[in-house]
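Subject: Structure handover

Hello,

Here is the structure for you to load. My notes on what turned up follow below.

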Amino acid sequence: MKLISRLFVFGLVVLSTWTQAAPKALSFYLPDEQYNPDIPTPESILGYQVGEWHVRPDQILNYFHALDAASDRVSINVIGQSHQRRDLLQVVITSEQNHKKLSDIQTAHIKRLSAADKPNHDKHPLVVNLNYSVHGDEPSGSNASLLVAYYLAASNSSEVTAYLDNMVILLDPSLNPDGLARFAQWANQHKGMNLNSDPEHREHVQDWIRGRVNHYWFDLNRDWLLLQHPESRARITQYHQWRPNVLTDNHEMGTNSTFFFQPGIPSRKNPYTPEKNVELTGVLAQYHADAFDKENKLYFTEESFDDFYAGKGSTYPDLHGTIGILFEQASSRGHLQDSINGQLDFPTTIKNQVTVSLSTLQGSLSNKNTLLDYQWRFAQSYKSLAKDADHVGYVLTEKNDKSRFHALLSLLKAHDIQSYPLSRDAEVEEVVFAKENSVFVPLAQPQIRLIQSIFSEQTSFFDNTFYDVSTWNLAMAFNVEYAVVESSRSVRAEKTPWQKPQTDLNELTPDAYSYAINWADYNAPALIYELLKNDIQVRSALKEFAVQTHGDMQRFNPGTMLVHAGLQTGNWFKRFKKIAAKYDIEVSPIFSGLTANGIDLGSRNMMPVTLPKVLLIGGFGTNPYEAGETWYLLDRAVGFSPTIIEKDRVRKTDLSKYSHILLVDGNYGKDDKALLEQLQGWVKDGGVLWSQKSAALWLAENELIKGSVIDAQTMKRNFETEGLSYADRESLSGKQRIAGAFFETDLDLSHPLAFGFSNAKLPVFKNNIGLLADVDKPFIQVARYSKEPLIAGYADENNVEQVAEQSAVLAHRHGKGVVIGMTDNPNFRAITYGTNRLLFNALFLANGIR
């Protein structure tokens, strides 16, 4: 009996501690009204009230399937899958009558944009797209999406009926389900029955890889333009099929903030965004302000956040006639956290996201015809913009690497940008563009603003302070030669837009002496890696040669990969042919080892190529974005996942089994002395060490790289500070940094790390100010910044002058091994295809450095 009594008392204690974190009622989030009892509440499906726990993607999926089954107002479409194969949902919410003719509404909405006469917008529903939680550890949006959808499905109020009759609401509940799952697990596993609000508590301090990022540790809110990930590609496909009038992008920010909504900083909008867009954003902002004023909620506008980079969720829509709106809620980053404004609980963050979602619908409906009219006029304006421009388009060319060229053109096509093959050779700026290798991108098409943005070479701006990068010139990112076409008389193009061609490659036969593989092709590293993995021996020509084939002289550049028949064993040709057929790469049969010019095929300058075994050092003290970019590149473009070991665990690791070690940007210093000594010994024994940005500077400071360092503090001292007031701090900081710009480098094309490049001028993307100085030692400088290096984006002239003619890439022997240092990231956001080759060459050709 005493035991039973004790258990009963213990139960009361447990229950009482739970009441300290009691869930909020539905009325806390939504208007207190009579809801349709046939529509399931989120609580009825989750088993708990929204905000009590962090919702997982699978629970979101379950709820929306239940809502779809119960409501004629709701339908769901699976528009794609994340890297981890989680469904990406687009939820369509509108009236039952609109649902019955949804396809017609969608078609008419798009068709009206090209109508010569102004449409009667009374007859067209407005399209509003609500997007939530592109950053997985900003979960208030995804949790709010359940409540917003329930409200629209279950409420019979006159306001909701008007929304449904006059709008098609597209709701994306989780733009980054993989990141959301990671953070939900983190927050939930650290939740106690008594919530801990201490900011230092483990719940509020995530591990090295945070929930913010996707599976490969990318920030998906930078991928709207770059489209490197399935989440982004699915979203952009739907965006162009619907072209919403209003698109919201719900985020979170620091815990000590309040709530932000656009307009952002007025001087920092994208130069191709119309002023009318800013005006209409301000009109809608009044509805958000009114909603928060009623509840005495704190908020701010027109500070901290810009609207410049075209690859962000609130800016990309602005270049398409959509009103893109960024929302930023102060984050509880868990269930409860102390802030300067008092304790911030998770339910409150969710409620605020619900509030602005509903104020968006209210403001949009109140300005329905104005928004529809604005989008139509925006779509019509491309003709006058093209007429007033000082050029008619751009001509692009690439001869040696069709895979890279086609990747760029496919990306343009994904954004509804049409390119056209040339119908005859064109001469522009004294350069001949061969028709078989070139396309023309005309300005006179509806995507004119995005085209101008993508090819912009602007280097000075009204406001030179940037929240993100200052350029995203895609031709430079892909290292594709292009020219501005000033007159339509200069270029003649086909009328049919470019389509990726079906390459007709010659079938390989087993009678050749050797098979030469074009190393200049972007997909060649993947082919070579798979051949090596399947025990096919490969050689690389360190010097050029030429052979007679079918009566023609065929020249092969340094770096050409060769599969010599005489080195193979077993039934090798069948394997070789099957593997080669998977890749759209030119493979040339050679029928004699004796060449017409250059080295013979048995030359000592035919270097054996070995299978790279790669260690990528990660963990705290390294940049997770760059580590993720490197992992993604090797996994997707080469065909293997590197071993990733945290920096503090490397000392316990036997490095002898790795051929290559990769160091990305990070914090390296005195605490890493043991790591440095370990790396020095490993390189001397024959390893290849790649380093970039701060890692390269660290190796140079410790004399593992033969170069001197110009560090960030030295760069900053070049700026005059005398006479500056306190108010000048932000302006000075903006001048001192390089937020993201393209710089031109001069490549030594004879260096093994430059094999496969055809142009000695290489654009590199720079977003740091640390430098390796120019060197007077011969043969170790692979690339050097040109005399006038800035070619797109902003950098203060002090920084530009300092960067000019300094080292961009250094490489040399160290003992039996090789050490390489690059002052920039060769794979920024996975879009700099042009400089990817430097890392590819380090993997397969570094042992050619002598």
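Helix α18 (residues 524-533) packs against helix α19 (residues 572-580) at an angle of about 155°, and their axes are 10 Å apart. Angles over 145 degrees count as roughly antiparallel, so α18 is roughly antiparallel to α19. Their crossing is right-handed. On the α18 side, the contact is made by Leu527, Glu530 and Leu531. On the α19 side, Phe576, Ile579 and Ala580 make it. Keep in mind that this is a predicted model.

There is a second helix pair to look at. Helix α7 (residues 140-154) and helix α12 (residues 346-366) pack with their axes 8 Å apart, at an angle of about 50°. The two are therefore oblique to each other. The crossing of α7 and α12 is right-handed. From α7, the residues that meet α12 are Ser140, Gly141, Asn143, Ala144, Leu147, Val148, Tyr151 and Leu152. Their counterparts in α12 are Phe346, Thr349, Ile350, Gln353, Val354, Ser357, Leu358 and Leu361.

Next, the cores. In soluble globular proteins, nonpolar side chains tend to be buried together. Here the largest nonpolar core has 134 residues. Which of them touch the most other members? They are Leu396, Ile528, Leu531, Phe576, Ile820 and Phe844. Helix α26 (residues 833-845) gives the most to this core, with 8 residues. Another core lies apart from it, with 60 residues. Leu26, Leu126, Val148 and Phe261 are among its members. Two residues of the α18 and α19 contact, Leu531 and Phe576, are thus also named among the best-connected members of the largest core. Val148, which α7 brings to its meeting with α12, belongs to the 60-residue core.

Ile820 is worth selecting in your viewer. Leaving aside neighbours within four places in sequence, Ile820 is in contact with Val688, Leu689, Trp690, Ser691, Ile705, Leu753, Val809, Leu810, Ala811, Ala842 and Ala846.

Three single residues remain.

Thr745 is found in strand β29 (residues 741-747). Is Thr745 buried or exposed? Its relative accessible area is 1%, so Thr745 is buried. A polar atom of the Thr745 side chain lies 2.8 Å from the backbone oxygen of Leu762. Not counting residues up to four places away in sequence, Thr745 touches Ala760, Lys761, Leu762, Val764, Ala783, Arg784, Tyr785, Ser786 and Ala808.

Asn221 sits in the loop between α9 (177-189) and α10 (230-242). With a relative accessible area of 5%, Asn221 is buried. Its side chain has a polar atom 3.0 Å from the backbone nitrogen of Gly313. Beyond neighbours within four places in sequence, Asn221 is in contact with Val134, His135, Asp249, His251, Gly311, Lys312 and Gly313.

Lys24 is in the loop between α1 (2-19) and α2 (26-29). Lys24 is partly exposed, at a relative accessible area of 31%. Its C-alpha atom is separated by 7.8 Å from that of Glu52, and the two residues are 28 residues apart along the chain. Not counting residues up to four places away in sequence, Lys24 touches Tyr29, Gln49 and Pro347.

Best regards

Terms used
Residues numbered from 1 in each chain as written. Predicted model: local features only at pLDDT ≥ 70, side-chain atom pairs only at ≥ 80, totals over all residues. Heavy atoms only, no water. Helix = DSSP H or I, 4+ residues; strand = E, 2+ residues; numbered from the N terminus. Buried < 20%, exposed > 50% of the residue type's maximum accessible area, 1.4 Å probe, protein only. Polar contact = N/O pair within 3.5 Å; in protein donor to acceptor, adjacent residues only side chain to side chain. Contact = heavy atoms within 4.5 Å. Core = buried A, V, L, I, M, F, W, Y, C linked by side-chain atoms within 4.5 Å. Axes fitted to C-alpha atoms, helices over the stretch in contact; angles between N-to-C directions. Parallel < 35°, antiparallel > 145°, perpendicular 65-115°, else oblique. Left-handed = near helix turned anticlockwise from the far one by under 90°.
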